[in-house]
Amino acid sequence: MRPIVHIGYHKTATTWFQRSVYPHAASHRWVPRARVQAALLEPSGLAFDPERARALLMEGDDGRPPVLCEENLSGYIHNGGLHGFLPPAVAARIRAVLPDARIVIFVRSQASMIAACYMQYVRGGGTHGLHRYLFPSLYLRGAYAQPFKVPRFSFDHFEYDRLVALYDGLFGRENVHLYAYEALRDQKAALALMEGELELELDCGRIAFDRPNASWSGALLPAARFLNHFTARTVEDKSRILHIPGFYVVRAGALAALSRIYRRRGAASLPGPRLERWIETRFAASNARLRALRPGRLPDDLYPGEAAGTNGLPPAETERPPLVALLLIRWLLLAAAVSLMMLGAWSLVGLMPR
């Protein structure tokens with residue numbers, strides 16, 4: 001048995017694996033996420049020490065090989081893996097620390113993945129609309145528009161074949177295991193397949209077959225985006241009118257409760273049919289290369305390898321609104337917030353004893 005390193009991607013049930021699956025492995029020793037991050041992600045680019053990282057990961061060694069699961073090892077979704085610079089550096093770090101590891105990569109149909117990423121962006125405090133989130137270069141100017149200076153969402157991050165090929169070169173094709181997120185519709189069958197391929201033994205009687213990090217309902221997006229203007233957390237590419245301490249947690253709890261009521265209106269059709277077709281076309285060549293790397297691993301209907309040509313531009317129906325309108329809305333919100341604060345202050349003054 002050898003170490004297992006599950007590197008993501010985000011939005012492919014990694015929270016479920018971290019909470020419900022790998023901690024119940026009989027064959028491997030679960031390494032908590034905080035320790036994985038401290039060992040492989042927190043050291044700066046020129047300060048990484050493989051021996052120190054290995055020592056952190058081997059804390060609590062009980063003779064079993066470690067199993068790691070950390071989606072940020074494949075890169076953070078809201079900054080495109082720091083413009084694609086982070087995933088290769090992390091791959092080299094894993095190779096230096098655990099050269100005999102088996103690598104686990106879960107992928108997800110790009111249209112569904114991108115919808116889930118946007119929902120996660122709003123859930124994390126994002127305020128921009130879908131088009132602004134997906135095509136930031138159309139809205140930004142100067143240094144902010146240069147992704148190597150200020151990384152933003154990037155479609156390149158979801159060209160899965162490039163990451164798989166990178167790990168194939170470092171660890172050998174036979175040691176890089178690709179799985180489709182869609183296969184988790186039958187969680188028990190998916191785990192049985194992983195157990196056989198990874199020499200992994202799980203105590204299935206203790207595994208909760210649930211969804212611990214279910215997305216919010218798409219019906220709540222307008223309300224969530226408005227409320228997010230009053231908190232600075234947690235994504236960077238956003239707008240805010242003012243930051244109210246503690247409001248992030250309060251609004252998250254309220255929206256999560258409402259989401260359970262509106263569960264049926266989810267994120268599946270969030271991009272819209274034209275944008276969804278554009279996304280499928282955008283990734284057709286990448287998916288074709290991935291199929292060549294891993295024949296039979298991807299559902300044919302969800303990862304199209306052939307699509308009509310595209311001029312590279314987003315669908316016209318999702319064109320950005322005029323900048324003047326955006327500024328007007330922002331100033332109106334700001335004026336309303338300031339007015340409420342002043343009314344609150346005057347009320348407090350009126351209640352003070354003279």
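Trp-278 is tucked away in this predicted model: with a relative accessible area of 10%, Trp-278 falls under the 20% cut-off, so it counts as buried. A look through the whole structure turns up 21 aromatic pairs, and Trp-278 takes part in one with Phe-135. A pair of aromatic rings is described by the distance of the centres and the angle of the planes. For Phe-135 and Trp-278, the centres sit 5.4 Å apart and the planes meet at 70 degrees. That angle is over 60 degrees, the cut-off for this label, so the pair is edge-to-face. Phe-135 is buried too, because its relative accessibility is 9%.

Where do the two partners sit along the chain? Phe-135 belongs to the loop between α7 (130-134) and α8 (160-171), while Trp-278 is part of helix α12 (residues 273-282). The two are 143 residues apart in sequence, so their pairing ties together distant stretches of the chain.

Trp-278 also pairs with Phe-155, again edge-to-face, with 5.2 Å from centre to centre and 65 degrees between the planes. Phe-155 is in the loop between α7 and α8, so this pair links parts of the chain that are 123 residues apart. Phe-155 and Trp-278 are both buried. Zooming out a little, Trp-278, Phe-135 and Phe-155 belong to one aromatic cluster, whose other members include Tyr-9, Tyr-118, Tyr-121 and Phe-283.

Some rings have a charged side chain for company instead. Lys-188 lies over the face of Phe-209, 5.3 Å from the ring centre. Likewise, Arg-251 lies over the face of Tyr-248, and here the distance to the ring centre is 4.5 Å.

Then there is the surface. Leu-82, Phe-85 and Phe-148 together make a nonpolar patch there of about 350 Å². Leu-82 is found in helix α4 (residues 80-83). Is Leu-82 buried, exposed or partly exposed? Its relative accessibility is 38%, which lies between the 20% and 50% cut-offs, so Leu-82 counts as partly exposed.

As for the protein as a whole, it has 14 helices and five strands. Of its 354 residues, 45% are buried. About 17,800 Å² of the protein is exposed, and carbon and sulfur atoms supply 59% of that area. Among contacts between residues at least 6 apart in sequence, 79% join residues at least 24 apart.

Definitions and conventions. Residues are numbered from 1 along each chain as its sequence is written. This is a predicted model: local features need pLDDT of at least 70, side-chain atom pairs count only at pLDDT 80 or more; totals for chains, interfaces and linings use all residues. Side-chain values use heavy atoms; hydrogens and water are left out. Rings of Phe, Tyr and Trp (its six-membered ring) pair if their centres lie within 6.5 Å; planes under 30 degrees apart count as stacked, over 60 as edge-to-face and the rest as tilted. Helices (H or I, at least four residues) and strands (E, at least two) are DSSP runs, numbered from the N terminus. Buried means under 20% relative accessible area, exposed over 50%, partly exposed in between (1.4 Å probe, protein chains only). A charge sits over a ring if NZ of Lys or CZ of Arg is within 6 Å of the ring centre and within 35 degrees of the ring normal. Patches are made of residues with over 30% relative accessible area and no salt bridge: like charges are joined within 9 Å, nonpolar side chains (Val, Leu, Ile, Met, Phe, Trp, Tyr) within 5 Å. Accessible areas come from the Shrake-Rupley method with a 1.4 Å probe; for residues, only the protein chains shown count as cover. A salt bridge is a side-chain nitrogen of Lys or Arg within 4 Å of a carboxyl oxygen of Asp or Glu. Contact means heavy atoms within 4.5 Å.
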